[in-house]
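Me: I am new to this structure and would love a close look at one part of it. Could you take me through the empty spaces inside, and then show me some of what else is there?

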Amino acid sequence: MSTHKPSGGPSKGIPPPSRTTINNGSFNTPRNTHLKLTAACLVFLSVCFTWTFRSSPVTSFSANESRRVFSVKQQQDILGRCAAIRAEPGPPADFLVGRDKSDRFEPGTNATLIRNANIFTGEKNGTVFYRGDILLDKGIIRAIGDIPGRVIENTPNLTTVEANGAWVTPGLVDMHSHLGILSSPIMSGAIDLDSAKGPILPWLRSVDGLNTHDEGYQLAMAGGVTTVQVLPGSNNAIGGQSFFVKLRPTSERSAISMIVDPPNSLTGDSGWTAPNRWRHMKQACGENLRRYGNRMDTMWSLRSAYNEAKQIKAAQDLYCERAEAGLWDTLDYVFPDNLQWEMLVDVLRGKVKISNHCYEAVDLDALVRLTNEFKFNIASIHHAAEAWLVPDLLKRMWGGIPTVALFATNYRFKRESYRGSEYAPRALADEGIPVVMKSDHPVINSRYLAHEAQQAHYFGLSESLALASITSTPATTAGLSHRIGVLQKGADADVVIWDSHPLQFGATPVKVWIDGILQIPVPAKDGQNVPVEVGKGKEGDRWRRVPSVPNWDKEREEALKWDGLPPLKGRSQADLITFTNVKKVWKRTQGGTIEEFGNEGESSGFAGNVVVLNGKIACVGQACPSHAEGGQTIDLKGGSISPGLMSYGSALGLGEIMGEPSTMDGEMPDAMADRVPKLLDDDGGLVRAMDALVFQTRDALTAYRSGVTLATSSLAKPIYLGGPSSRFLSGLSVAFRTGASHAMERGAILQDVVALHAVLGRNNPMAPGGTSVSTQLAALRRLLYGWESRDRETGYWFRKAAEGVIPLVIEVDSADIMASLLIMKADVEDRIGSRMRMVFSGAAEAHLLAHEISISQVGVILNPARPYPMVWDQRRILPGPPLTNDTALVALLNEGVVVGLGIRSSWEARHARYDANWASLESNGRIKEHQAYALVTTDLEKLLGVREIDEETADLVATEGGSIFDQSSKVVGVISPKRGFVDIF
């Protein structure tokens, strides 16, 4: 993750070939003085070390100096140190044997017996499953499986939990997170993600910036995550040392007490007999390092740094060889070492597990060559968007094949992620390459780490490997599977009970233990525990089975054939098509609702066949012919036909790659900063999103192939995401068809002006200096009062908004700002006698004003659909089960507020159907299927003012293997009455 935009210009802090010595984090000081010292040493003593560096050079002595005398204790210490630097890292072979208590055990913690569970242990590459019990005691798993009665009887202070066949897994392990160093809510005084002090910083440690009060910890635990690797950011070639952290609060309340197996370098243990634990470090390559130069500069900085470490290692090895040979009189008292470079020396000694941020084949190739040049291994490559395209390259990594840590579908947001694919986990697994799914929190909320594995399974990764990808595989890759990620006797007692199979979309933890201490449900600090209901509506056996998923072999092979960029546009067919084995048909009614189409006299509701001619349904039911003459037949295998969904909230269709300026619309006028071109002759500089439309983008077509046939897009960027590029006046949105070829195609643009958009909120913590909230409100009041000339775009459209002709959609999260807007709305309406159509988008804290929003007749678009307190304005979220009974959606619907769901990034548009389904699932049965449908169709259209979507104009989506909301289904076609054809995928 990066918090800094790369910039061009001359390289900074990268050594030219003649300057390889490093001081205080920079490569810019000649080493002439030390070359002279080295030459002198070579003259006076033939055994002088060929090793120079500034901070602690080895001092040799001439034959005329008095002999060095080492005491027995000094000799033993040196020999012990030499043995230690050569020792293999990791736990003793008998670590689990006889382990009866964890070093993390909190006295007073009761033992827990989990009975009658379906257990996924994580062992043997995730292939071990069985029914049994688990006994947690003194912070470890004391017994698992068929536990003898005498063991249970002899366990004092025992709490018994009846699982009733529920799934139990190890606590999830998030291998890529920035929890604690980019804390929630993000504030400028606690951004400790990375350093601007140079490209090579192996001496920095993420634990030194670890905030113990990050609100993200509890949210992550609510998703079953118990351990995360806290990585420095990716703006440095070597960002520093990382640490695996358990998320529960400890009695000591310190950062170091959260670390799993802290290395000796952190604990301060100077003895050489202490456990030789694995260390961890972050490296990066690619686009994010542009502030220090280009790719060639990055690789030179890495090579020169490892060359320094190589020289130190050689000096240490020579020193130890002489000590072990008894040549004490040839040694200096000072062991050759350097605090800045000791981490890289340990890398060369095979004692460090490196996590390397790297996307493209060009960078992966350079990385593999680096490891072979300096003979060290990289444990895991993260993000790795093109790794699935070059598996043989990864297999040439020195020391063994690296694990690849991936997003499931978060790609195309910047150039180097453009060829990333949902099929990558399966493709890599087929090549024998270990796969980990990760969050890069807060890029993806760590709470939803399991959802990354669920998506990987949906797109072809096996059940065992998908579950292992968030448990045992990251633990094994990190060298910590003796403690975490695996349920085995003697391991740490980090355990999760789920309300359904963990790979079911929407699976939610019922209980979470860390070190045997119950974390979820959250114990009330006042002793007044309020029961939280989890999993209502998931009582059936189908929820406990591994979900059935579609077959994607054809699509995966096609993607590989096209080097990651397969054609996405479907095959358009205008003649007769018959869909057979259709289980459900949903249609729009004249009243604007979406209802299931039923057959007269058929209690099963099975629709049978659906015949489509020239993009319009001609026949529905069992009586329709299954093989019409001259037409094509498509078997939906119990699938459905239903109206297409709509996406809102991102820049979908306004550019190809969000992070690549050359593919986007560019910067808008900024009325608040008085940066409006005079040519516009409009103080507000109001622009139209329609003028920026780009059709056939990969995100739009991917959404189309996922059942999202319409999108309403605006140029609005919330302040916390847009920073300096966010605009108070964000123009007019547009509604278009995601599958259209160009703007001139029939029906491509559904509505050229949809709504007027404004953005309100407090300053971005990473880019302070924005417009004050009071100024924003004052400006909005002035515009709504009509004090801007209606002869100009800004005045004209704000008058339309004040009169209720067009919706005014306001990006806002704070309940306090929303309250001010509700007061302003009432004032404007009283002044001009109108009824405004105001909508709050974002609305993280809207639930606090649900009643007031309802009586003010203001709509809400929850964006994102599942909230996270990223910044101060969002800190009072309603997170839903297992933390609270209600979600924000339920609270608003209970008050009669019209609600829609939105997204923030264009790559997320494809997930509209899962967002709606998830909203229904976490409502504990209070949101029915037709209500979930409305969240991403009719209600969203109503809020935004999208008109004229009816049976004649709305696209229909054909899914195979289930309904549009089912995990078993895939979209196989889009029926377009307006355009007169069917797109077949």
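Me: How do the residues of the lining of the largest cavity divide into nonpolar, polar and charged?

Reply: Happy to help! A word on the source: this is a predicted model, in which local features need pLDDT of at least 70 and side-chain atom pairs count only at pLDDT 80 or more, while totals for chains, interfaces and linings use all residues. Residues are numbered from 1 along each chain as its sequence is written, and side-chain values use heavy atoms, with hydrogens and water left out.

Now to your question. The lining of the largest cavity divides into 13 nonpolar, 4 polar and 4 charged residues. Here Ala, Val, Leu, Ile, Met, Phe, Trp, Tyr, Cys and Pro count as nonpolar, Asp, Glu, Lys and Arg as charged, and the others, Gly among them, as polar. The lining has 21 residues, and Leu862, Pro864, Ala865, Arg866 and Pro867 lie nearest the centre of the cavity. The elements that give two or more residues to this lining are α22 (888–894) and α23. Helices (H or I, at least four residues) and strands (E, at least two) are DSSP runs, numbered from the N terminus.

How is such a space found? Rolling a probe the size of a water molecule over the atoms shows where empty space is left. On a 1 Å grid over the protein atoms alone, a cavity is a set of points where a 1.4 Å probe fits but cannot get out; a pocket is an open set with protein on both sides within 12 Å along at least five of seven lines; and lining residues have an atom within 4 Å of a point. Grid points are joined across faces, edges and corners, and a volume is the space filled by probe spheres set on the points. The largest cavity holds about 190 Å³ of space, and a search of the whole structure finds 10 cavities of 30 Å³ or more.

Pro864, one of the residues nearest the centre of the largest cavity, also leads us to glutamate 908. The C-alpha atoms of proline 864 and glutamate 908 are separated by 9.9 Å, although the two residues are 44 apart along the chain. Glutamate 908 sits in the loop between β32 (899–901) and α23 (912–921). A polar atom of the glutamate 908 side chain lies 3.2 Å from the backbone nitrogen of arginine 904. That is a polar contact (a pair of N or O atoms within 3.5 Å; within protein, one must be able to donate a hydrogen and the other to accept it, and residues adjacent in sequence count only if both atoms are side-chain atoms).

Strand β32 brings us to an open sheet of 6 strands, in the order β25-β28-β29-β30-β31-β32 with mixed pairing. Its edge strands are β25 (729–732) and β32, each pairing on one side only. Two strands pair if DSSP finds at least two bridges between them. From one strand to the next, the twist averages 20°; axes are lines fitted to C-alpha atoms, for helices over the stretch in contact, and angles run from 0 to 180 degrees between N-to-C directions. Within this sheet, β29 (residues 808–812) and β30 (residues 838–842) are parallel and share 5 bridges, with valine 809 opposite valine 839 in β30.

Back to the empty spaces. The second largest cavity has a volume of about 140 Å³. Of the 15 residues that line it, Arg447, Tyr448, Ala507, Thr508 and Trp918 lie nearest its centre. Helix α12 (residues 449–458) provides the largest share of this lining, 3 residues. By class, the lining of the second largest cavity has 9 nonpolar, 4 polar and 2 charged residues.

There are open spaces to visit too. The second largest pocket has a volume of about 1,400 Å³. It is lined by 41 residues, with Gln218, Pro249, Val522, Pro523 and Lys525 nearest its centre. The elements giving two or more residues to this lining are α5 (216–221), β15 (509–514) and β16 (517–520), and α5 gives the largest share, 4 residues. The lining of this pocket comprises 23 nonpolar, 9 polar and 9 charged residues.

A last stop is strand β12 (residues 403–406), which is covered on both faces: Thr403 and Ala405 on one side and Val404 and Leu406 on the other are all buried (under 20% relative accessible area, with exposed over 50% and partly exposed in between; 1.4 Å probe, protein chains only).
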